[in-house]
Amino acid sequence: MTTVRYDGFLASGAASLTPALHWERRRAAVSARGTYLRFESGHRSVQGLLTASLFTPPSASLPGWRGELFLSAGGSSYADFASFWHATGETRVHYATDDRGAWVGGAAGRTSYGAAPRPVAVVNTGVWARRAFAILTLSASRSFIGDTVYSDVVSSLRASRGRLELNASVGGRLLSRGAGRGVYGDGSATLTLGGRTALFAAAGRYPTDPVSGSVAGRYASAGVRLWLAMPRPAVFRDASPSRPPVAADGDAPSMARLELRPAPDGVRLLLHAAGATHVDLAGDFTDWQAVALRPTGDDVWEATLPIASGLHRLNIRIDAGRWTAPAGTTRVTDEFGGEVGMVTVP
């Protein structure tokens with residue numbers, strides 16, 4: 001339930017329904033989302049968006065370099081008097097290390113605002129860096145949509161520590177012809193109270209988007225998120241304790257074993273992985289971003305991270321292989337049907 005206020009229109013109460021679907025694998029992801037909004041006047045708004053992303057596999061000859069293909073298609077209809085649609089494809093080349101990276105890319109496609117379709121062309125570039133529990137991104141783009149031309153420069157920050165997640169961005173539109181100009185930005189905060197409850201608040205201002213057909217606006221929202229049903233964990237246990245644990249997806253037996261030890265500045269994670277040449281770890285406390293562990297000798301890899309007390313999920317990856325749950329954790333299936341390891345931090 002919401003109150004909607006468009007510039008030049010009377011405020012209106014409305015009810016909305018937004019189903020969403022997300023499918024993800026190591027190098028591919030597909031998302032679908034729709035919104036049905038019905039105003040108290042009886043008018044309605046219907047929107048839909050489908051996106052897909054595919055990454056090239058890592059190359060031993062070009063370490064750190066990856067290619068990406070991103071596809072986006074969507075449409076919307078507002079109050080029975082306006083309709084929009086778009087279809088675009090984008091390619092990017094990424095270079096990334098464990099704590100920083102950069103990309104350059106271009107997009108092309110078509111968009112329509114109830115009339116003849118217009119061509120879309122966009123070039124963009126950006127850099128990012130990770131420091132402790134925060135990720136900072138800076139990007140710039142130049143867009144050509146028919147006879148509309150504009151540039152955007154955006155800086156964003158994402159930080160997560162314990163139960164609190166913060167997101168903020170600030171951007172500027174300049175060198176614009178037909179798409180407005182000025183400064184915009186937003187911020188949000190999410191506080192997880194337990195396994196099924198979270199509080200959130202967000203506010204901001206966004207610019208006109210000639211590709212999707214949205215006009216500039218402002219928003220503010222706050223509320224409570226409730227997970228009414230949680231997947232029942234399926235614990236994988238080996239029938240014979242004398243045998244090494246076997247991943248649920250049928251991969252080869254994993255001899256990697258994880259230990260957690262207290263440290264003055266966080267939690268020390270020690271992974272025993274015989275014969276490994278590179279080890280990554282990702283968990284809810286890293287925002288599921290891969291963190292490279294440091295070799296300490298005797299087939300032991302380690303990292304010290306600020307991890308809040310409580311129950312956490314994590315996975316490891318050895319020598320760019322599959323993400324798996326190490327021994328020393330409780331193996332469960334997550335809400336996407338994959339396997340993760342669960343640990344408790346005192």
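Q: How much of the area that the protein exposes do carbon and sulfur atoms supply?
A: This is a predicted model, where local features need pLDDT of at least 70, side-chain atom pairs count only at pLDDT 80 or more, and totals for chains, interfaces and linings use all residues. Residues are numbered from 1 along each chain as its sequence is written, and side-chain values use heavy atoms, with hydrogens and water left out. Accessible areas come from the Shrake-Rupley method with a 1.4 Å probe, and for residues only the protein chains shown count as cover. Of the roughly 20,300 Å² exposed, carbon and sulfur supply 60%.

Q: How many strands are there in the protein?
A: Helices (H or I, at least four residues) and strands (E, at least two) are DSSP runs, numbered from the N terminus. The protein has 0 helices, and its strand count is 24.

Q: Is Thr88 buried or exposed?
A: Thr88 sits in strand β7, residues 82-96. Buried means under 20% relative accessible area, exposed over 50%, and partly exposed in between (1.4 Å probe, protein chains only). Leaving out residues up to four places away in sequence, Thr88 touches Phe70, Leu71, Ser72, Ala108, Gly109, Val120 and Val211, where a contact means heavy atoms within 4.5 Å. Because its relative accessible area is 18%, Thr88 counts as buried.

Q: Which strands are the edges of the open sheet β16-β17-β21-β20?
A: Two strands pair if DSSP finds at least two bridges between them. This sheet of 4 strands has antiparallel pairing. Each edge strand pairs on one side only, and those strands are β16 (257-263) and β20 (294-297).

Q: What is the bridge partner of Glu259 in β17?
A: Strand β17 covers residues 266-272, runs antiparallel to β16 and is joined to β16 by 7 bridges. In β17, Glu259 is matched with Leu270.

Q: How many of the residues of strand β24 are buried?
A: β24 pairs with strand β22 (residues 310-318) in the antiparallel sense over 5 bridges, and Arg313 stands opposite Met342 in β24. Across the protein's 346 residues, 31% count as buried. Strand β24 (residues 339-345) is mostly covered, and of its 7 residues the buried ones number 6.

Q: Which strands each supply at least two residues of the nonpolar patch?
A: Patches are made of residues with over 30% relative accessible area and no salt bridge (a side-chain nitrogen of Lys or Arg within 4 Å of a carboxyl oxygen of Asp or Glu); like charges are joined within 9 Å, and nonpolar side chains (Val, Leu, Ile, Met, Phe, Trp, Tyr) within 5 Å. Here Leu164, Leu166, Leu191, Leu193, Leu199, Val224 and Leu226 make a nonpolar surface patch of about 580 Å². Val224 lies in strand β15. The strands that each give at least two residues are β12 (164-177) and β15 (217-226).
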